Amino acid sequence: MAASDEGYQHIEHGFEPVFDQHSRVLVLGSFPSVLSRANAFYYGNPQNRFWRVMAACLGVPVPPNAGDPLASGEHAALDASIAVKRSMLLYGGVALWDVIESCEIKGSSDASIRNVVPAHIECITGAAPIEQVICNGGTAGRLYRRYLQERTGLPAIVLPSTSPANAAWRLERLVERWRDAVDWGAL
């Protein structure tokens with residue numbers, strides 16, 4: 001492997017999109033982080049604010065992450081955490097996936113993404129009445145415009161990333177911006 005290739009890995013996405021026949025808004029990230037890949041579900045880094053932002057937008061309690069203490073005194077299991085998050089999205093009319101099906105990447109760095117194979121977006125748009133596409137961050141927005149927008153025929157609203165790397169946006173400001181972008185109550 002050449003020195004410029006050091007640290008890169010070819011990674012397949014590894015888990016399915018979340019959607020059903022009632023999903024009207026599609027939220028797209030770029031590609032799962034190392035923690036998300038390890039948990040086999042979206043936004044697995046507890047520092048990522050995605051689940052807090054979505055819960056606020058949908059007007060529901062924040063779903064627990066794996067290991068969070070529950071009212072019963074037990075800790076949330078990974079499968080239970082995923083099930084609650086999936087239910088919250090579907091109840092709210094939200095589909096969730098990533099723009100990239102596979103790529104070469106260094107760790108979780110969006111800036112290192114190369115050799116992109118885009119997601120087969122038609123599996124969602126062919127089955128759900130998607131009216132709006134939201135991209136979680138600038139990288140997802142650029143990749144969506146490059147690889148998927150022509151295939152969906154839908155422009156995307158690019159919102160500030162919920163990633164902990166986007167420290168310039170406090171949680172309250174993120175929630176306000178995400179809330180203002182979509183009429184979440186109409187879903």
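1. A good place to start is M54: leaving aside residues up to four places away in sequence, M54 touches M88, L89, V94, W178 and W184. Please keep in mind as you look that this is a predicted model.

2. M54 and two of those partners turn up again in the largest nonpolar core, which has 52 residues; the ones with the most contacts inside this core are Y42, W51, M54, L96, W178 and W184. Helix α2 (50–58) is among the elements that give two or more residues to the core, and α2 gives the most, with 7 residues. Other helices on that list are α3 (78–91), α5 (138–147) and α7 (171–181), while the strands are β2 (25–29), β3 (94–98), β4 (100–105) and β6 (132–136).

3. Stepping back to the fold, you will find 7 helices and 7 strands in the chain. Their order along the sequence is β-β-α-α-α-β-β-β-α-β-α-α-β-α. The radius of gyration is 16 Å, close to the 16 Å from the globule rule for 187 residues, so the chain is as compact as a globular protein of that length. Along the principal axes, the C-alpha trace spans about 50 × 40 × 30 Å.

4. How do the contacts run along the sequence? Taking contacts between residues at least 6 apart, 66% join residues at least 24 apart. Of the 187 residues, 46% are buried.

5. Finally, the surface and the charges. About 9,200 Å² of the chain is exposed, and carbon and sulfur atoms supply 51% of that area. There are 16 positive and 19 negative side chains, with the centres of the two sets 7 Å apart.

How values were computed. Residues numbered from 1 in each chain as written. Predicted model: local features only at pLDDT ≥ 70, side-chain atom pairs only at ≥ 80, totals over all residues. Heavy atoms only, no water. Helix = DSSP H or I, 4+ residues; strand = E, 2+ residues; numbered from the N terminus. Rg over C-alpha atoms; globule rule 2.2 N^0.38 Å. Buried < 20%, exposed > 50% of the residue type's maximum accessible area, 1.4 Å probe, protein only. Contact = heavy atoms within 4.5 Å. Areas by Shrake-Rupley, 256 points an atom, 1.4 Å probe, with all protein chains shown as cover. Lys, Arg positive; Asp, Glu negative; His and termini not counted. Charge placed at Lys NZ, Arg CZ, Asp CG, Glu CD. Core = buried A, V, L, I, M, F, W, Y, C linked by side-chain atoms within 4.5 Å.
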